[in-house]
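Biologist: Could you take a close look at one part of this model for me, and then walk me through how it sits in the rest of the chain? I'm new to this, so plain words would be great.

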Amino acid sequence: MNLVRASLIGTLLLYFFLSWTYVAGTPVQEFYLPDSVPQAQRSAPVLAGLGPDEKEYLIYVRSLAETGRVPRPTAEQRKSEGEFVCYQAQHPPLFFILSVPLWKLVQGNAFWMLWRGLCVLLGAAAIALASKAARLIFPESKLVALTAAPLMAFVPIFGHLLGHVSNEPLAMVLGTGAWLMAVRLCREGRVPGTKKALLLGIVLGLALLTRLTSVIWCLAVIVVLGLTFKKKAIKPLALALVIAFVLLSPWLLHNFTNYGKPLIRPFDNPLLANGATLTDFLGAGIRPSGSPTQFTPLITVLFWAATGWTPFWLIGSLLPGSYDGMVQNAAYLLLVDLAIGLTLFWNASQVRRKLAPSDPVIRAALWAAGGVLFFLIAVVLQQMLFVDWNVLQSAGRYFTAAAPLLMLLLLTALEAVTRKLPTNAKLAVGVIAALALFLASLHTTSLVRQFYVGNPTQKKWQKLAPAGSGRAYIVSDTDKS
């Protein structure tokens, strides 16, 4: 068995083990949802998973299965008492449409096990596709062959997000598939023909129909093909992007017809609200209603540093202190990010001087990965300031969407650290890095299990919103008070 196959198989086996701990450790229980389901169903409990947003995803699927319509994003936008309401209705419907047959065929706990299991399998496919793309980008590196898969699979936030139901795994598989197609064309030196451009556009369009954050894959494909083939890439890229937009256009038209705008967002709680200004944010900071701390650029970066590695709501368990203590002690995570960032910055000059002149594919791929990272940071900042400050708690989800690309940056960091070592020593460092990440992920799974054992109902940790507020009113079947 060669190094590549051994690494991938070993990674996937450990990934499935971690995923099973999430699936088995995240409870499924009954809830009453009077503000989310049709009036006729409001007296009946709903069996739903406690994973982040799992209940909302179920409402989306039930709406498609029972009414043939996408649910409304808020209660205020409901036009009849027979409609479902789901704040995740901001997302395109492809993943949920594909989930409808499973909902109709299987019920109860078995449905949740299979639905979560499907997401785990999609995550495994994304790991395999991403590691293949990384090996194409760095074809001569044994270190990449060994560590590409584990450096993606064992980052704690990756396992957490793919260990429960969401549309992210399907979007990642499709996006990574498009990325792999583009990298393969670059490595083979073949400008995409009409058929390849059409296929690339279809895959990108399906990714966008799954989750709009898949726009990062459009950006990545544009950069890697554009830098590799220059002007020759303009026509095939234009064709691919037109096809992707055509596939997405029914969803944009649906939103415009129903809400008067092509993109919808059910939340409206920006940091720059109630008279707060950008000067306040850059200066003393802003403390929005419901926030435990002032938000400044430094605190914002601390949140990014923390949530980019591990689930936001577990940070208090990973670091000393309470929630407020987390903000102070998150400097540890910021220090880790800073060390990696400086290593990457230093290594960029090494890549430019030593690798890029003879291998433009590496240069193009790293530009794509870096460009996507800065794009995501800009998006999270824009969402926090002008849409909903709570997006900071989900920053890790944004970064995880780009895991196959950000893994390339970690690989270059490893290459930089080990560049003067003999091959066997390099591989030893790679094994240690992969093992360290696995142990961190294993620790995170134990924290998740402990969290749910100590907090068996959502009511104990998710604030209740009044009926008509646009957010589902949640009452546990075991705790109706």
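Modeller: Sure, let's begin with the cysteines. A disulfide is a covalent bond between the sulfur atoms of two cysteines. This structure holds zero disulfides, and keep in mind that what you're looking at is a predicted model. Two cysteines are still worth finding. Cysteine 86 has a relative accessible area of 0%, so it counts as buried, since the cut-off for that label is under 20%. Cysteine 186 comes out at 4% relative accessibility, so this residue is buried too.

A third cysteine, Cys119, turns up where two helices meet. Helix H3 covers residues 94–105 and helix H4 covers residues 108–137. Their axes are 11 Å apart, and the two helices pack at an angle of about 145°. If you like handedness, the crossing of H3 and H4 is right-handed. On the H3 side you'll find Phe95, Ser99, Leu102 and Trp103, and on the H4 side they meet Phe111, Leu114, Trp115 and Cys119. Sort those contact residues by class and you get seven nonpolar, one polar and no charged.

Now try another helix pair, H8 (residues 194–210) and H10 (residues 234–259). Here the axes come within 7 Å and cross at roughly 35°, and H8 passes H10 in a right-handed crossing. The residues that H8 brings to this contact include Leu198, Gly201, Leu204, Gly205 and Leu208, while H10 supplies, among others, Leu239, Ala240, Ile243, Leu247 and Trp251. By class, the contact of H8 with H10 has 16 nonpolar, three polar and no charged residues.

One single residue makes a nice stop as well. Serine 63 sits in helix H2, which spans residues 54–67. With 2% relative accessibility, this serine counts as buried. Leaving aside residues up to four places away in sequence, Serine 63 touches Gly68, Arg69, Val70, Pro71 and Phe84.

Finally, zoom out. The chain has 481 residues, and 54% of them count as buried. Its secondary structure comes to 19 helices and three strands. Take the contacts between residues at least 6 apart in sequence: 74% of those join residues at least 24 apart. As for the outside, the accessible surface of the chain is about 20500 Å², and 66% of that belongs to carbon and sulfur atoms.

Notes: Residues are numbered from 1 along each chain as its sequence is written. This is a predicted model: local features need pLDDT of at least 70, side-chain atom pairs count only at pLDDT 80 or more; totals for chains, interfaces and linings use all residues. Side-chain values use heavy atoms; hydrogens and water are left out. Helices (H or I, at least four residues) and strands (E, at least two) are DSSP runs, numbered from the N terminus. Buried means under 20% relative accessible area, exposed over 50%, partly exposed in between (1.4 Å probe, protein chains only). Contact means heavy atoms within 4.5 Å. Accessible areas come from the Shrake-Rupley method with a 1.4 Å probe; for residues, only the protein chains shown count as cover. Axes are lines fitted to C-alpha atoms, for helices over the stretch in contact, and angles run from 0 to 180 degrees between N-to-C directions. A crossing is left-handed if the near helix is turned anticlockwise from the far one by less than a right angle, and right-handed if clockwise. Ala, Val, Leu, Ile, Met, Phe, Trp, Tyr, Cys and Pro count as nonpolar, Asp, Glu, Lys and Arg as charged, and the others, Gly among them, as polar. A disulfide is a pair of cysteine sulfur atoms within 2.5 Å.
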